[in-house]
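Please look through the sequence and the 3D structure before reading on. The text then moves from the whole chain to single residues.

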Amino acid sequence: MAKTKADEKDLEAKEEQMALLEMSGDLTTESKQLTAEGRKEETNISLEYSSDMKKARLHSTLVALLNDPVLADIPKNPTLTDVDTLISLELGSAMRISVLKLDGSSFDVTVMNSATVKDLKQAVRKRIDDTEQSKMGHRHISWRHVWSNFCLLFHNEKLLDDTAKLQDYGIRNNAQVQFIPYVISRAFKRHSKRRKHRFFHGLSKKGRTTD
């Protein structure tokens, strides 16, 4: 009987030890999990802080660049074409043209050296539209009406032929053109229509002969 009781006590002691070990193991596992979660949380916070810091530095750098006088020609929302044209200006393959308005104020546009009158008009339109957008929000300008009542002038010569090269007029880098009132006559419109009609009629005639 004595041996049986001793065995029972030993068994109970072992069971208690096993229970303590299991509890210790569970606590250790739980502690490890909490520690891992804590580290993960700290890592996430650190990454977020690092990302915010990078954004703040980038914003600061962009503000400094946009305020740099050297980059004053870059529009607020530049397109890839705008950037290419400005790079071409630095390389000498584009030119800056000053446009004098009717109120005496002026603004600059940049076009390629090979640009036509139409290209210059488009650059003027984009610059004015961007300025109006930034100052007054969305505002529609009828450019058909504008070009029907005004034109650009360089050295007393009206730039009326959209297909003509600017360099054919003698326009070079840092030249100045100006807006002047000019109403296109009906005779000029009829002449333009007849010229277009002859052009397309000639194309259709060529098409028939080649068929």
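What follows describes the overall layout, then one helix, one residue in that helix, and a patch on the surface.

The model shown here is predicted. The protein contains five helices and five strands. Read from the N terminus, these elements come in the order α-α-β-β-α-α-β-β-β-α. Of the 211 residues in the protein, 18% are buried; a residue is called buried when its relative accessible area is under 20%. The surface exposed by the protein comes to about 16700 Å², and 55% of this is supplied by carbon and sulfur atoms. Contacts also tell us how the chain folds back on itself. Among contacts in the protein with a separation of 6 or more, 52% are between residues 24 or more positions apart.

Now consider helix α3, which covers residues 117-136. How far apart should the ends of its 20 residues be? At 1.5 Å a residue, the expected span is 28 Å, because the rise is multiplied by one less than the number of residues. The C-alpha atoms at the two ends of α3 are 28 Å apart, so the model agrees with the expected value.

Which residues of α3 are buried? They are V117, L120, K121, A123, V124, I128 and E132. Around the helix axis these residues cover an arc of only 160°, which means that they sit on the same side of α3. What do the buried residues of α3 pack against? Their partners are the strands β1 (94-100), β2 (106-112), β3 (150-154) and β5 (176-181), together with the helix α4 (143-149).

One of the buried residues in α3 is I128. Its relative accessible area is 16%, and I128 is therefore counted as buried, since this value is under 20%. Leaving aside neighbours within four places in sequence, I128 is in contact with F107, I141, W143 and F179. F107 and I128 are 21 residues apart along the chain, and their C-alpha atoms are separated by 9.1 Å.

The last stop is on the surface. V83, I87 and L91 make a nonpolar surface patch of about 290 Å². V83 belongs to helix α2, which consists of residues 80-91. Is V83 buried, exposed or partly exposed? Its relative accessibility is 35%, so V83 counts as partly exposed, a class that lies between under 20% and over 50%. I128 in α3, in contrast, is buried.

Methods: Residues numbered from 1 in each chain as written. Predicted model: local features only at pLDDT ≥ 70, side-chain atom pairs only at ≥ 80, totals over all residues. Heavy atoms only, no water. Helix = DSSP H or I, 4+ residues; strand = E, 2+ residues; numbered from the N terminus. Buried < 20%, exposed > 50% of the residue type's maximum accessible area, 1.4 Å probe, protein only. Arc of directions from axis to C-beta. Contact = heavy atoms within 4.5 Å. Patch = residues over 30% accessible without salt bridge, like charges linked within 9 Å, V, L, I, M, F, W, Y side chains within 5 Å. Areas by Shrake-Rupley, 256 points an atom, 1.4 Å probe, with all protein chains shown as cover. Salt bridge = Lys/Arg side-chain N within 4 Å of Asp/Glu carboxyl O.
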